[in-house]
Every structure is written in structure tokens, then in C-alpha cells.
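Welcome, and please open your viewer with the cartoon display switched on. We will go from stop to stop, with something to select at each one.

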Amino acid sequence: MRRHRDVPPASGGRPTRDRSSSELTMESMARASRILLVGILVATALVACGESEPEAIAIVGNGTGYSGLPAALDAGVYEMTFNNGADDPDGPLLIEKGGRTPEEFLADFKPVLEGGPFPDYLTTAVGFPTTPPGGASTVTMTLPAGDYIFLSFFSSDRAPVWAEVAVAGESPEVDDLPDSDATVTALDYGFDVSGIEAGAQTVEFSNNGPTQFHHLVAVRFPNGTAPADAEDMLTTLFTLEEGQAPPEGVVEPEDVFDTGVFSPGTGGAFTATFEAGGTYAFLCFIGDRQGGPPHAIGHGMMKAFTVEA
Ligand SMILES: [Cu+2]
């Protein structure tokens, strides 16, 4: 560490030099200016990184807890990776818990999973797609300020796993996400889809609300299915009872991928692959804040399209 009196005054004022500082050699002055220059270069690089490459956070879940998940974060855009070390598929979410204890929140949240109303304080959520055991999902997401619970959503009925995360500072906008190849904007109630092409690409999913929470579930129909027919088939499938066979000519699509839930004003970007000539449909199965059926069923929130060959 250099002594303070070896550092030239930042600006103005008359340098007050004692005997030792007046003995500064050319060599030590050159060294001081090199250190200053390196400092400026490092600072410049940090600013450049902040603009183009979000900070990366890697979280590991093991079915009972997490490692790598900070308890406190600055609001902003993060490249978050969730590694699923549990033996169940898991798609964890960061959900606003409004100052409640995790136990209070979980009690309030349970009815939501059965189509009940959201607690009033639940205004914000961002999350990960369903991630298979041993798999990893990376989402570059906006993380607004809030008092969150990081909550696992296992495919089986295991005990809830959670951690608390406090996020403070200026909340980011969807525009702060890095540019993506394709964009999917969820609205109350529908999807605007733009730029999807054959092959692997980055897709930005955002929720433009204005009120409801949405996610994206992507399914695929056999090649040659017209998008309008795909939507008709989905509508028919929703009318079937559990276990009831679809009518003649109605095909059940295969699941392709999903996203976590995003509240209005939030979004996340991820990598997805679409095949040339494939007919896909995007659906939302989240219910209204006030309670009710999944949006795909209650509001016809779906969008089918064919990827150009
Ligand atoms: Cu929705």
C-alpha cells in the first residue's frame, strides 16, 4: 500500500510536501502514474462489463436446500443458472413474500396452486423453467427490488424447499435485458411472437401485462399441422375429462420447453431450439390474480405458429 502523501492531490490546492515526498524520484512518480492508469483501465472495463454482460449467479439445489444463492442482491439483470441436483424435476421461482415469514407465505400461497386468488402483496415473480434432475437452466432475467422467497416447484409432492432473498435498489426494465434473436411478449391475454427461426437462438420472454402473471409452455404438433388447427385441437383437449381419449383426428402435442412465471414488467432470456417446418404452440397455464382457471383455458391464451423451412 502506498503512503497517502506519495499520491498527487486529486485537484486544486497546493501540494503540501514534507521532506520525504519532495524526495520522490522519477521512478516512483512513473510507478504512481502506471498504477493510476491501470486503475482507470480496470474501472473502464468494469463499466463496459456492466452494460453488456450481466453478473452470473450459479445456484445448486439438492432437494433440501441451495448453495450459491446470495441472501441479498442488488436489483438488476442477472445471468442466473439453476443446477438441479435433486432427483425430481424442479423449476424454482423468486416470489415476492411481502415481509411475511416463509411459513406465512407458504400458507397464503397454497390456495394459489389450486386456482385461488393471489395474496395482495404478491406483485412480483421471476423464475426458471422446469429443469430435469442433473440438468441446468440458464436465464438472463430482470430482478426487481423486493422481499423474495426462492421456492422450488418439484414435480412430486415433496416438502417445500425455500430460501429468503432480499433485493434492494433500482429495479431494472425489460429493456435492460441483452438483445435476443427472438421475442415473445405475454399480454393479458395472448402472446406477441417475433423473430423465431429454425435452429438454436436466444429468446426473450417478457410480461407486458398489465395485470396478470404469465409463463410460457411450448408444445409441438406433428409437421404439417396448420396453426389454426393446432389451436382448435388444444381447445378441444381442454374440454376432455382426466383420462378421456381425444376425439378422432385430435392429436396431443408433445411438450418442448417452458419458462418460469414472470410478473408484469419482468422478463428473462434463454436459449431455445426450433425445427424448420415445425408447428409449435405457446400456452399459459397461470390463473388470474383474483383466482380462476389457467389462462389457456379461461382466456384462450395460446398462440400457434409454423417455423419457416
Ligand atoms: Cu397467463
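## First stop: the four-stranded sheet

Start with the open sheet whose four strands come in the order β14-β13-β16-β17, paired in the antiparallel sense. The strands at its edges are β14 (254-258) and β17 (302-306); each has a single partner strand, so one side of each is left without a neighbour in the sheet. From one strand to the next, the twist averages 25°. Keep in mind as you look around that this is a predicted model.

Now select β16 (residues 279-283) together with β17. The two strands run antiparallel and are joined by five bridges. To see how they line up, show T279 and find T306 of β17 opposite T279. Next, add residues 227-238, which form helix α4. Helix α4 packs on this sheet and touches β13 (217-221), β16 and β17. Compare directions too: that of α4 makes about 145° with that of β17.

## Second stop: the nonpolar core

Stay here and select A281. Which residues does A281 touch, leaving aside those up to four places away in sequence? They are V219, F221, A230, E231, L234, P253, M302, K303 and A304.

A281 also belongs to the largest nonpolar core, which has 57 residues. Show F150, L216, A281, F282, L283 and M302 as sticks: these have the most contacts inside that core. Colour domain 1 (54-171) and domain 2 (173-309) separately, and you can follow the core into both, since each domain gives at least three residues to it. In soluble globular proteins, nonpolar side chains tend to be buried together.

## Third stop: the eight-stranded sheet

Turn to the other open sheet on our route, with eight strands in the order β2-β1-β4-β7-β15-β12-β10-β11 and mixed pairing. At its edges are β2 (66-67) and β11 (190-194), each pairing on one side only.

Begin at the β2 edge. Strand β1 (residues 55-61) pairs with β2 in the antiparallel sense over two bridges. Select V60 and look for its bridge partner in β2, S67.

Then move to strand β7 (residues 136-143). How many of its eight residues are buried? Six are, so β7 is largely enclosed by the rest of the structure. On one pairing, β7 runs antiparallel to strand β4 (residues 76-84), with eight bridges joining them; V77 stands opposite T142 of β7. Strand β7 also pairs with strand β15 (residues 267-274), again antiparallel, over two bridges. There, M141 has G268 of β15 as its bridge partner.

## Fourth stop: strands β5, β6 and β8

Select strand β5 (residues 93-96) and strand β6 (residues 125-127). They run antiparallel and are joined by three bridges, with L94 and V126 of β6 as bridge partners. Add strand β8 (residues 146-151), which pairs with β5 in the antiparallel sense over four bridges. E96 is found opposite Y148 in β8.

## Fifth stop: helix α3

Select residues 102-113, which make up helix α3. Try the distance tool on the C-alpha atoms at its two ends: they are 16 Å apart, which agrees with the 16 Å that twelve residues should span at 1.5 Å a residue. Just after α3, click on G115, which takes a positive phi of about 90°.

Inside the helix, pick V112. Is V112 buried, exposed or partly exposed? V112 counts as partly exposed because 18 C-beta neighbours lie inside 10 Å, while buried residues need 20 or more. Now add I286: 174 residues separate V112 and I286 in sequence, but their C-alpha atoms are 9.5 Å apart in space.

## Sixth stop: two cis peptide bonds

Zoom in on D188 and Y189, joined by a cis peptide bond with omega of about 10°. Y189 sits in the loop between β10 (182-187) and β11. Then go to G209 and P210, where a cis peptide bond has omega of about 20°. P210 is placed in the loop between β12 (199-207) and β13.

## Last stop: the whole chain

Finally, zoom out. The protein has five helices and 17 strands, and 31% of its 309 residues count as buried. Among contacts between residues at least 6 apart in sequence, 73% join residues at least 24 apart.

Terms used: Residues numbered from 1 in each chain as written. Predicted model: local features only at pLDDT ≥ 70, side-chain atom pairs only at ≥ 80, totals over all residues. Buried ≥ 20, exposed ≤ 12 C-beta atoms within 10 Å, placed from the backbone. Contact = placed C-beta atoms within 7 Å. Pairing = 2+ DSSP bridges. Core = buried A, V, L, I, M, F, W, Y, C linked by C-beta atoms within 7 Å. Domains from an automatic or database assignment. Axes fitted to C-alpha atoms, helices over the stretch in contact; angles between N-to-C directions. Expected span 1.5 Å × (residues − 1).
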